[in-house]
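Q: I would like a close look at a single part of this protein, with its surroundings described as well. Please take it step by step.

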Amino acid sequence: MTTDSDEGQSPHVAFSVSRTISADSPAFSGHFPGDPIFPAVAQVMELVTTPLEEHLLAVNAGSIERIACIKQTKFLQPVRPGMTLEVHFSEHPSLEDTWRFRITNPSAPDDQRLITSGKVIVSDQ
């Protein structure tokens with residue numbers, strides 16, 4: 001985890017996780033035979049909400065914050081079995097309770113590295 005700060009703004013937190021997409025994942029079942037693609041909902045659940053909730057639980061001393069909303073999500077590249085992806089999270093510097101995320105494939109060509117991006121709104125409600 002790193003903490004960044006822009007002059008004149010409060011510090012914001014950034015962290016990353018790495019995940020390898022198992023070819024045995026049940027998410028590939030029926031999606032699509034002969035041309036497996038990791039579904040968008042699986043990307044969001046396994047690569048975004050779970051790591052972010054684990055991070056928030058750890059840094060908030062057990063205080064529970066939950067995902068309230070996922071916004072402006074763009075799915076730009078397919079996710080295939082065996083891909084190792086990096087998921088980058090950063091607190092939005094000006095929107096409270098908002099995190100930005102980027103899922104990237106570090107082994108892809110530069111113009112295909114970004115897989116998915118979006119914003120997550122968290123709430124303690």
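Which residue in S6 is the bridge partner of Ile103?

A: The bridge partner of Ile103 in S6 is Thr116. The model is a predicted one, and every value below is computed from it.

The overall layout comes before the detail. The protein has one helix and six strands, and along the sequence these follow the pattern β-β-α-β-β-β-β. Of its 125 residues, 35% count as buried. The accessible surface comes to about 7,400 Å², and 50% of that belongs to carbon and sulfur atoms. Among contacts between residues at least 6 apart in sequence, 58% join residues at least 24 apart.

Now to S5 and the strands it pairs with. S5 and S6 run antiparallel and are joined by seven bridges; the bridge of Ile103 with Thr116 belongs to this pairing. S5 also pairs with S4, again in the antiparallel sense, over six bridges. Within the S4 and S5 pairing, Thr104 of S5 stands opposite Glu86. S5 is mostly covered, with five of its seven residues buried.

The nonpolar core is the next topic. In soluble globular proteins, nonpolar side chains tend to be buried together. The largest nonpolar core here has 23 residues, and Ile103 is among the members that touch the most others, along with Phe38, Leu52, Leu85, Phe89 and Trp99. Strands S2 (12-20), S4 (84-91), S5 (98-104) and S6 (114-123) and helix H1 (40-59) each give two or more residues to this core. H1 gives the most, with five residues.

Phe89 shows how these elements meet. Apart from neighbours within four places in sequence, Phe89 is in contact with Val13, Ala14, Phe15 and Val17, with Leu47, Val48, Pro51 and Leu52, and with Trp99, Arg100 and Phe101.

Some of these contacts are between aromatic rings. A pair of aromatic rings is described by the distance of the centres and the angle of the planes. A search of the whole structure finds three aromatic pairs. One of them is Phe15 with Phe89, which is stacked, at 4.7 Å centre to centre and 15° between the planes. Phe15 lies in strand S2 and Phe89 in strand S4, so this pair ties together parts that are 74 residues apart in sequence. Another pair is Phe15 with Trp99: the ring centres are 5.9 Å apart and the planes are at 75°, so this pair is edge-to-face. Trp99 lies in strand S5 and Phe15 in strand S2, so here the linked parts are 84 residues apart in sequence. Phe15, Phe89 and Trp99 form one aromatic cluster. Phe15 and Phe89 are both buried. For Phe15 the relative accessibility is 9%, so the residue falls under the 20% limit for buried. Trp99 is also buried, with a relative accessible area of 4%.

The connection leading into S5 has its own features. The hairpin of S4 and S5 has six residues between the strands, and Asp97 lies in that loop. Asp97 has a positive phi of about 65° although it is not a glycine. Most residues other than glycine have a negative phi, and most peptide bonds are trans. Asp97 counts as partly exposed because its relative accessibility is 36%, which lies between the limits of 20% and 50%. Leaving aside neighbours within four places in sequence, Asp97 is in contact with Glu65, Val120, Ile121 and Val122. Asp97 and Ile67 are 30 residues apart in sequence, and their C-alpha atoms are 9.8 Å apart in space.

Two backbone details elsewhere can be set beside Asp97. Gln72, in strand S3 (residues 66-75), has a positive phi near 50° and is a residue other than glycine. Gln72 counts as exposed because its relative accessibility is 53%. The other detail concerns the peptide bond between His31 and Phe32, which is cis, with omega about 0°. Phe32 lies in the loop between S2 and H1.

To return to the starting point, Ile103 of S5 is bridged to Thr116 in S6 and is among the core members that touch the most others. On the S4 side, S5 is paired over six bridges, and Trp99 joins Phe15 and Phe89 in one aromatic cluster.

Definitions and conventions: Residues numbered from 1 in each chain as written. Predicted model: local features only at pLDDT ≥ 70, side-chain atom pairs only at ≥ 80, totals over all residues. Heavy atoms only, no water. Core = buried A, V, L, I, M, F, W, Y, C linked by side-chain atoms within 4.5 Å. Buried < 20%, exposed > 50% of the residue type's maximum accessible area, 1.4 Å probe, protein only. Helix = DSSP H or I, 4+ residues; strand = E, 2+ residues; numbered from the N terminus. Contact = heavy atoms within 4.5 Å. Areas by Shrake-Rupley, 256 points an atom, 1.4 Å probe, with all protein chains shown as cover. Pairing = 2+ DSSP bridges. Phe/Tyr/Trp six-rings, centres within 6.5 Å; stacked < 30°, edge-to-face > 60°.
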